[in-house]
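Trainee: I'm new to this one. Could you walk me through how to read a pocket and then a sheet?

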Amino acid sequence: MKVAIQGIRGSFHHIVAEQYFGKNIDLVECLSFSEMPNLLKEEKVEVLIMAIENTIAGAILPNYALIDDNDLSICGEHHLPVHHNLLVLNGQKIEDIKEVYSHPMALLQCQHFFEKYPHIRLVESDDTAASAKRLIGNQEMGIAVIASQKAGEIFELNTIAKDIEDNKRNFTRFLILDKENEKSIEEFQINKASICFHLGHEVGSLAEVLTAL
């Protein structure tokens with residue numbers, strides 16, 4: 001099965017892909033969410049995996065828009081506990097680290113940990129796993145990244161601090177997406193529905209719909 005994810009191997013999307021479909025998959029890495037729907041339309045992949053909401057950050061509204069604009073069908077979901085780890089090159093200790101790179105959301109979710117290390121500068125990057133890949137490629141000392149344990153294993157980095165996220169009950173919900181009406185789902189398999197509706201720009205329009213619901 002060809003599965004498209006945002007990010008690269010070692011990312012949280014990669015972890016979800018393997019937990020949901022197993023390890024025998026053909027992974028297609030994407031730099032952004034916006035490029036994923038076209039891969040499905042052009043039949044270059046069979047399904048997409050897309051993060052949709054997080055315990056701390058809330059809903060990822062642009063991804064809801066992507067689903068609606070491209071007539072994608074939700075055929076599954078997966079909840080992943082998000083655990084962040086501080087990864088370094090061999091021989092590095094926390095006292096040696098001057099800068100830490102990761103996705104902005106990962107940095108935000110680990111603020112309390114770095115309050116103990118005011119000498120460390122936090123730097124935003126495009127992706128957690130991509131930061132790990134660059135670190136092993138550049139072999140730059142004094143640099144650490146925040147990424148998953150799987151990223152550390154793939155890129156052979158050392159973990160000097162494990163589970164550094166502020167909220168230990170931090171989950172991200174991921175959707176499994178395919179083409180609209182691509183698969184026939186038996187009625188007994190359906191246990192959740194998502195509704196998208198548009199409102200007129202009038203006072204009370206939202207209240208009217210919520211009352212009906």
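Mentor: Let's start with the second largest pocket: 23 residues line it, and His-13, Ala-51, Ile-60, His-103 and Met-105 lie nearest its centre. A pocket here is an open set of points on a 1 Å grid over the protein atoms alone, with protein on both sides within 12 Å along at least five of seven lines, and lining residues have an atom within 4 Å of a point. This is a predicted model, where local features need pLDDT of at least 70, side-chain atom pairs count only at pLDDT 80 or more, and totals for chains, interfaces and linings use all residues. Numbering runs from 1 along each chain as its sequence is written, and side-chain values use heavy atoms, leaving out hydrogens and water.

Trainee: Which elements give two or more residues to that lining?

Mentor: They are helix 1 (12–21), strand 3 (47–54), strand 4 (58–59), helix 4 (104–108) and strand 11 (171–179). Helices (H or I, at least four residues) and strands (E, at least two) are DSSP runs, numbered from the N terminus.

Trainee: And how do I read a sheet?

Mentor: Strands of a sheet pair through backbone hydrogen bonds, either parallel or antiparallel. Two strands count as paired if DSSP finds at least two bridges between them. Here, an open sheet of 5 strands runs in the order 8-7-9-6-10, with mixed pairing. Strand 8 (121–124) and strand 10 (158–161) are at the edges with a single partner strand each, so one side of each has no neighbour in the sheet.

Trainee: How do strand 6 and strand 10 pair?

Mentor: In the antiparallel sense, over 3 bridges, with strand 6 covering residues 85–88. Val-88 sits opposite Asn-158 in strand 10.

Methods
On a 1 Å grid over the protein atoms alone, a cavity is a set of points where a 1.4 Å probe fits but cannot get out, and a pocket is an open set with protein on both sides within 12 Å along at least five of seven lines; lining residues have an atom within 4 Å of a point.
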